[in-house]
Amino acid sequence: MDVTTLLIILFVGAFATYFSGDKWAPKVALLISLAAFAGTICLLSQYNSGQEISYFKIWISKPAVFISFYADGLTLAMLLLTTALIPIIIYSSFGNNYKNAKAFYALILFMTFAMTGTFLATDGLLYYVFWELSLIPIYFIALIWGNGDAEKRKKAVVKFFIYTLAGSLFMLIAFVYLYQKANSFLIGDLVKANLSSTEQFWIFLAFFLAYAIKIPLIPFHTWQAKVYQKAPTVGTMLLSGIMLKMGLYSVIRWQLPIAPLAAKEFMSLFIGLGLVGVIYGSIVALRQKDLKKLLAYSSLAHVGLIAAGCYTLTLDGLRGAVLQMIAHGFVVVGLFLVAEIIYRRYETRTISEMGGIRSQSPKLTSMFMLLVLASVALPSTFNFVGEFTVLYSLSQINIWFALLGGTTIILGAYYMLKMFQHVMLGETNVKIFNDVTFNEGLSLVLIIAVLFFFGLYPKPIMDLISPSLENIITLINRIN
Amino acid sequence: MDTSLILVLLLSPFIGFLFNVFLGKKAGKTIVGIVGTLSVFISFAVTLSFFLQITQTKQAITVDLFEWISTQHFKVNFGFLLDQLSILWLLFVTGIGSLIHLYSISYMHDDEKMHSFFAYLNLFIFFMITLVIGSNLLMMFIGWEGVGLCSYLLIGFWYKNQDFNDAAKKAFIMNRIGDLGFLIGIFILGSMFTTIDFTSLKTAISSASDTNDLWMAIAALCLFIGACGKSAQIPLYTWLPDAMAGPTPVSALIHAATMVTAGIFMITRMSFLFDMVPSVQNIIAIIGAVTSLVAATIALTQTDIKKVLAYSTVSQLGLMFLALGFGAYEVAVFHVITHAFFKACLFLGSGSVIHGLHGEQDMRKMGGLKKAMPITFITMLIASLAISGVFPLAGFWSKDEILMTAFHHNIALWVIGSIASIMTAFYMFRLMYLTFFNEFRGTEEQKHHLHESPSLITIPLIVLAILSFIGGIISLPGNSWLNDYLAPLFSKVTQEEHSFGTTEYTLMAIATIGALAGIGLAYKKYLKENTIPSEDENITGLTKVLYNKYYVDEVYDAVFVKPINVLSNFFRDSVETTLSALVFGLGKATFQLASFGRRFHHGSVGFYLSMFTLGICALLTYLYYCNNF
């Protein structure tokens with residue numbers, strides 16, 4: 001079995017879900033996502049035993065475009081994140097009744113297909129196609145199944161669509177230029193193209209625009225909070241849990257190896273940009289009135305730190321960034337699920353309308369608390385391992401970077417605990433709050449289990465990603 | 001064998017925690033109490049066996065379970081180190097922990113969430129053990145943040161009260177400021193010495209004579225900032241008095257006897273580093289002395305019985321840091337232990353009083369409880385005498401050693417420490433007289449129900465009072481068991497420089513006279529003259545400044561909390577909308593550019609043809625010139 005099997009499962013699965021009808025669609029989608037997860041585990045064990053799992057075939061001969069799917073440890077880590085989260089996301093959505101469920105769940109699987117393709121593709125054009133393809137399902141998911149006033153929602157979602165699309169066009173231009181130089185879109189050839197430092201600068205910048213909008217990095221984040229707020233929670237989970245990691249992953253896979261000179265020359269600038277995001281996001285999060293928007297800004301702060309880690313161009317920075325990407329993916333999905341669980345009962349996302357939930361729901365309180373603790377990177381959670389490694393890599397560049405990035409330790413605790421206090425604590429709320437259902441509880445427990453297991457024993461993931469990241473570091477440090 | 005024993009030691013409270021979380025509610029209060037207490041007592045018993053072992057073998061035990069985190073420069077193992085220091089610390093953590101669990105069975109019996117209380121308390125012991133036996137800085141950090149979490153959970157135990165939740169949040173965030181310092185310290189040491197394991201760090205640092213002193217000093221300072229957060233030293237002390245919002249056993253266990261001494265433990269653990277950087281040691285000594293004085297002055301005027309004890313704790317911790325600053329680690333450890341005895345006793349005693357008065361904490365509404373609560377009274381009296389430094393109680397010996405060390409190093413700091421000690425005697429007896437003597441000032445209803453607390457509360461009090469009385473024997477001048485026991489840990493022996501002579505006797509006399517003077521003043525004012533502290537609105541002048549804690553909270557609020565919230569509002573309302581408008585502007589600009597372009601596409605073939613011709617001409621001209629020149 002090679003990686004295309006996974007893509008086929010998801011692609012065919014999307015159609016199967018659509019044709020299974022509204023009643024069966026959720027269950028079929030869950031089954032397929034679980035199959036995808038099982039497929040990833042198989043791929044992982046094959047990879048570990050040294051078998052070939054990549055796929056390579058010519059697609060178009062002129063211009064030379066290849067169907068090239070390649071999986072190393074880094075890719076597999078991202079696939080694990082994706083395929084482990086999707087079943088949880090789908091399962092947790094069983095508490096909602098979506099209209100036209102067959103289309104909804106088919107779109108989720110189709111998006112997973114596109115994102116998986118993005119992680120796997122090593123031919124620039126193929127990668128670009130998957131990259132853009134993943135935008136279409138989330139556009140419809142947010143537009144059709146989102147919440148709030150339809151006009152406002154449309155405005156936010158269309159803005160997001162055009163914004164990210166526009167950013168990606170720069171990436172396409174970069175690829176076209178690179179093709180002129182290398183006569184190929186394959187990453188292996190692009191890396192070998194002899195680019196002057198000026199060329200690298202422009203290529204770097206073009207990639208940066210695409211990624212900075214997708215991740216998003218400040219000041220390209222203005223689409224984020226509104227879309228997170230308006231999209232249905234499943235959509236928000238897909239965006240924050242997986243899709244924004246496409247941007248971060250691409251920084252590591254494409255941007256840094258193709259344009260290392262620019263990355264080195266402007267290192268401090270881009271680290272600085274990430275760190276500004278950390279502080280800015282944390283401070284904005286402090287006084288958000290809407291729970292989902294607050295989580296969106298906390299996400300902005302966290303990805304700022306991850307991006308800063310990537311741009312240190314050190315092994316620790318990249319390792320920490322990848323660990324933190326996975327950890328953040330899980331914790332943010334958990335937190336958005338909590339927001340959804342509250343919404344299912346109180347039909348509000350406004351924090352001031354909550355409070356006094358703890359006394360009515362000890363189970364939710366405990367699980368929410370654990371997620372908050374993971375989010376603020378308490379030692380023994382996976383997030384701590386990532387954050388520690390990233391901050392350490394920053395301290396190796398400049399101790400002040402570590403100090404600035406480290407403010408997330410203080411500010412993160414501030415806005416998260418403040419939020420927790422106002423959402424959960426206080427006098428018992430007059431509105432009745434039923435504790436979590438089995439479905440909700442199981443979804444949360446799975447997420448928490450992952451966060452604490454790898455918090456105490458991150459070695460399997462470390463061992464998986466380290467060799468691939470070492471290769472990437474070698475590429476970055478090559479002499480042209 | 002050792003590995004499994006260590007796991008029993010560590011996991012027993014954790015199993016207690018799990019039991020109380022998952023089964024506590026069903027099991028009922030009695031079982032919850034028994035399981036909770038027993039799980040800590042098992043740890044105590046295991047500690048005792050380790051203690052007996054190490055006094056004979058004098059060999060530290062190290063155990064590495066598995067690799068946890070690794071960076072390019074150092075690897076961090078999930079490992080444990082049981083040496084003289086950690087075992088000693090474990091002894092009083094689990095010992096006093098057991099007593100306080102026992103006490104809580106009765107104290108928390110009427111609380112509907114008793115199972116959560118015991119769960120958090122067990123979890124606290126688990127993290128405290130992790131902190132103490134971790135074999136490297138990052139393992140210690142797990143425990144360090146873990147106890148902070150439990151402190152947060154327990155301060156906000158009565159979560160329906162948002163003031164308590166605020167206090168809990170404040171404690172957690174202030175501690176995290178220190179924790180950032182701790183982390184940065186770990187980063188520096190890790191990259192300098194490629195290890196953060198205590199044993200290897202000790203070898204590396206002790207042998208490194210030519211290392212960059214500045215970076216070592218910065219690392220030490222960063223670690224000290226961490227210690228300041230956890231051990232409530234200036235400027236990170238204001239969370240501790242607020243932490244009294246938690247139930248009283250919590251104040252006794254976490255915010256007096258164990259967790260807040262973690263900073264002292266950490267610096268003692270890293271003594272080999274601090275010995276190399278005298279400049280940082282000076283800072284520690286000065287901060288310690290100033291904190292002890294500032295906190296003592298605030299304690300003089302407080303009327304909440306627990307607030308007096310809280311500031312007293314801050315002040316006593318300051319004295320311990322004073323000793324650390326002089327490199328007198330054994331002395332600081334000695335005071336940590338005696339302080340754990342008498343401060344735990346005082347807090348539990350005050351809990352007994354509060355329990356008896358159904359929640360009243362204001363000393364202005366107490367008085368005359370001596371007769372109704374004789375055991376509480378006598379045990380608290382012994383503890384008060386001990387903390388005041390009256391011969392021959394435990395506090396006398398430990399405090400005396402600190403002051404003596406200070407005297408030999410720096411007279412000014414000795415004076416500050418001595419004044420703080422005299423104030424301690426005064427405010428403690430102010431507390432005793434206001435609480436136990438003269439007439440009862442509460443309501444008739446309370447008076448009617450006055451009674452001594454049940455034996456589950458009084459037994460721990462009696463045990464702690466006895467320890468407060470005789471605790472000094474572990475380190476008597478000239479013949480100190482403690483110093484011999486800890487000797488393998490420290491490179492320098494601080495005691496040897498001054499033999500015991502006339503100066504020492506004079507200092508002891510001065511200290512004793514000071515303590516008696518403080519007690520006497522309190523006696524005159526609060527017993528003879530029967531002064532009752534004024535009501536809040538009538539407090540004026542210097543007293544008002546002290547009563548309001550020098551307005552430090554207000555200053556922090558104005559300088560840090562408010563601006564950050566204003567900034568947050570500004571970012572949310574102005575910057576975000578501006579950025580968003582810019583993006584929209586970009587979109588609009590494109591749109592307008594397009595409508596501008598549309599004007600040329602109006603369908604007139606003539607116009608297209610003429611443009612086409614012009615274009616061809618331009619191109620030909622260009623090519624012509626290009627080829628010719």
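How many C-beta neighbours does Tyr550(B) have inside 10 Å, and does Tyr550(B) count as buried, partly exposed or exposed? The first legend takes up this residue; every view shows a predicted model.

**Figure 1. The loop around Tyr550(B) in chain B.** Tyr550(B) has 13 C-beta neighbours inside 10 Å and therefore counts as partly exposed. The residue belongs to the loop that runs between helix H24 (541-547) and H25 of chain B. Its phi is positive, near 60 degrees, although Tyr550(B) is not a glycine. Most residues other than glycine have a negative phi, and most peptide bonds are trans.

**Figure 2. Glu347(A) in the loop between H15 and H16 of chain A.** Glu347(A) is a further non-glycine residue with a positive phi, here of about 50 degrees. Its setting is exposed, because 9 C-beta neighbours lie inside 10 Å, where 12 or fewer is the limit for that class.

**Figure 3. Helix H16 of chain A and its surroundings.** H16(A) comprises residues 362-375, and its 14 residues reach 20 Å from the first C-alpha to the last, close to the 20 Å expected at 1.5 Å a residue. Ten of these 14 residues are buried, so the helix is largely enclosed by the rest of the structure. Among the buried residues are Leu364(A), Met367(A), Phe368(A), Leu371(A) and Ser375(A). Their cover includes helices H14 (291-311), H15 (315-346), H17 (382-397), H18 (399-424) and H19 (438-456) of chain A. Helix H6 (137-155) of chain B also belongs to this cover. Ala377(A), which follows H16(A), has a positive phi near 60 degrees.

**Figure 4. Helix H6 of chain A with the helices that cover it.** The helix spans residues 135-145, and its buried residues are Pro137(A), Ile138(A), Tyr139(A), Ile141(A), Ala142(A) and Trp145(A). The elements covering them include helix H4 (101-120), helix H7 (150-182), helix H10 (224-230) and helix H11 (233-258), which belong to chain A.

**Figure 5. Two cis peptide bonds, one view for each chain.** In chain A, Ile215(A) and Pro216(A) are joined by a cis peptide bond with omega about -15 degrees. Pro216(A) is placed in the loop between helix H9 (197-214) and H10 of chain A. In chain B, the bond from Phe391(B) to Pro392(B) is cis, and its omega is near 0 degrees. Pro392(B) is found in the loop between helix H17 (374-388) and H18 of chain B.

**Figure 6. His408(B) in helix H18 of chain B.** This helix covers residues 394-409. His408(B) has 17 other C-beta atoms within 10 Å and is therefore partly exposed. From His408(B) to Leu131(B) the C-alpha to C-alpha distance is 33 Å, with their positions 277 residues apart in sequence.

**Figure 7. The side of chain B that touches chain A.** Contact involves 37 residues of chain B and 43 residues of chain A. Strand E1 (61-70), H6, helix H7 (162-193) and helix H25 (552-598) of chain B each supply at least two residues of this side. The most comes from H7(B), which gives 13 residues. By class, the residues on this side of chain B comprise 18 nonpolar, eleven polar and eight charged.

**Figure 8. Annotated spans in the two chains.** In an unreviewed UniProt entry, residues 121-407 of chain A carry the annotation "domain: NADH:quinone oxidoreductase/Mrp antiporter transmembrane". The end C-alpha atoms of this span lie 36 Å apart, and its content is 80% helix and 0% strand. For chain B, the unreviewed UniProt annotation "domain: NADH-Ubiquinone oxidoreductase (complex I) chain 5 N-terminal" covers residues 68-118. That span is 57% helix and 22% strand, with 29 Å between its end C-alpha atoms.

**Figure 9. The setting of the close-up views in chains A and B.** Chain A contains 20 helices and two strands. Its radius of gyration is 21 Å, close to the 23 Å that the globule rule gives for 480 residues, so chain A is as compact as a globular protein of that length. Chain B contains 26 helices and two strands, and its C-alpha atoms fill a box of roughly 115 × 65 × 55 Å along the principal axes. Chain B is divided into domain 1 (1-209 + 222-261), domain 2 (277-534) and domain 3 (571-628). The centres of domain 2 and domain 3 of chain B, taken over C-alpha atoms, are separated by 82 Å.

Definitions and conventions: Residues numbered from 1 in each chain as written. Chains lettered and ligands numbered in written order. Predicted model: local features only at pLDDT ≥ 70, side-chain atom pairs only at ≥ 80, totals over all residues. Helix = DSSP H or I, 4+ residues; strand = E, 2+ residues; numbered from the N terminus. Expected span 1.5 Å × (residues − 1). Buried ≥ 20, exposed ≤ 12 C-beta atoms within 10 Å, placed from the backbone. Contact = placed C-beta atoms within 7 Å. UniProt positions renumbered as here; feature names shortened; annotations may be inferred. Domains from an automatic or database assignment. Nonpolar A, V, L, I, M, F, W, Y, C, P; charged D, E, K, R; others polar. Rg over C-alpha atoms; globule rule 2.2 N^0.38 Å.
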